[in-house]
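Open the model in your viewer and keep the sequence panel beside it. Each stop below says what to select and then what is there.

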Amino acid sequence: MSPVDPQLHQSFAGMGYALIELGRFDEAIVAGKKALRQNPFFSPTHRCLASAFAHLGRDAEAREAAARLLEVDPAFTISAWIAPGGQSSAKLVIEGLRKAGLPE
């Protein structure tokens, strides 16, 4: 990873998803916040943060991340996100999105 890569936010968000699936939610939040600083309009970052916060029981922050996701991607639903990309293997991410109150 290059610190000047204009797509660095994608790497950090991807790391966040992987850390969620490993149950390392605090670290996922750190990666998600780094991605957010790089690009606040990248919807996967908000999904990462909503899920990780929800798993830690940080409900207000999970709802805030979910609200920001819906601002960036108003049509987002969990089922639509799962369907095209085969995201069904991201079980902990999906569970966290549900806990964060995102639409099914």
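## First stop: a buried alanine

Select Ala35, which counts as buried because its relative accessibility is 0%, under the 20% cut-off. Keep in mind that this is a predicted model. Ala35 lies in helix H2. Leaving aside neighbours within four places in sequence, Ala35 is in contact with His9, Phe12, Ala13 and Thr45. Now add Gly14 to the selection: it is 21 residues from Ala35 along the chain, and the two C-alpha atoms are separated by 9.2 Å.

## Helix H2

Extend the selection to residues 25–38, which make up H2. How far apart are the end C-alpha atoms of H2? They are 20 Å apart, which agrees with the 20 Å that its 14 residues should span at 1.5 Å a residue.

Colour the buried residues of H2: Phe25, Ala28, Ile29, Ala31, Gly32 and Ala35. They cover an arc of only 165° around the axis, so they are on the same side of H2. A general rule helps here: an α-helix has 3.6 residues a turn, so residues three or four places apart point the same way. To see what the buried residues of H2 pack against, show helix H1 (8–21) and H3.

Then pick Gln38, also in H2. Is Gln38 buried or partly exposed? Gln38 is partly exposed, with a relative accessible area of 42%. Not counting residues up to four places away in sequence, Gln38 touches Leu8, His9 and Phe12. For a long view, select Ile78 as well: Gln38 and Ile78 are 40 residues apart in sequence, and their C-alpha atoms are 25 Å apart in space.

## Where H2 meets H3

Show H2 and H3 together. Their axes come within 9 Å and cross at roughly 155°. That makes H2 roughly antiparallel to H3, because angles over 145 degrees count as such. The crossing is left-handed. On the H2 side, the contact is made by Phe25, Ala28, Ile29, Gly32, Lys33, Ala35 and Leu36. On the H3 side, select Thr45, His46, Cys48, Leu49, Ala52, Phe53 and His55.

Stay with His46, which is in helix H3. At 3% relative accessibility, His46 counts as buried. Which residues does His46 touch, not counting those up to four places away in sequence? They are Leu36, Pro40, Ala65, Arg68, Leu69 and Val72.

## Helix H4

Next select residues 59–72, which form helix H4. H4 has 14 residues and reaches 20 Å from its first C-alpha to its last, close to the 20 Å expected at 1.5 Å a residue. Its buried residues are Ala62, Ala65, Ala66 and Leu69. They cover an arc of only 100° around the axis, which puts them on the same side of H4. Turn the view to the other side of H4, where Ala60, Arg63 and Glu71 are exposed. What covers the buried residues of H4 includes helix H3 (43–55).

## Last stop: helix H6

Finally, select residues 91–99, which are helix H6. The buried residues of H6 are Val93, Ile94, Gly96 and Leu97. Seen down the axis of H6, these fall within an arc of 160°, so they line one face of the helix. Just after H6, click on Gly101, which takes a positive phi of about 90°.

Terms used: Residues numbered from 1 in each chain as written. Predicted model: local features only at pLDDT ≥ 70, side-chain atom pairs only at ≥ 80, totals over all residues. Heavy atoms only, no water. Helix = DSSP H or I, 4+ residues; strand = E, 2+ residues; numbered from the N terminus. Expected span 1.5 Å × (residues − 1). Buried < 20%, exposed > 50% of the residue type's maximum accessible area, 1.4 Å probe, protein only. Arc of directions from axis to C-beta. Contact = heavy atoms within 4.5 Å. Axes fitted to C-alpha atoms, helices over the stretch in contact; angles between N-to-C directions. Parallel < 35°, antiparallel > 145°, perpendicular 65-115°, else oblique. Left-handed = near helix turned anticlockwise from the far one by under 90°.
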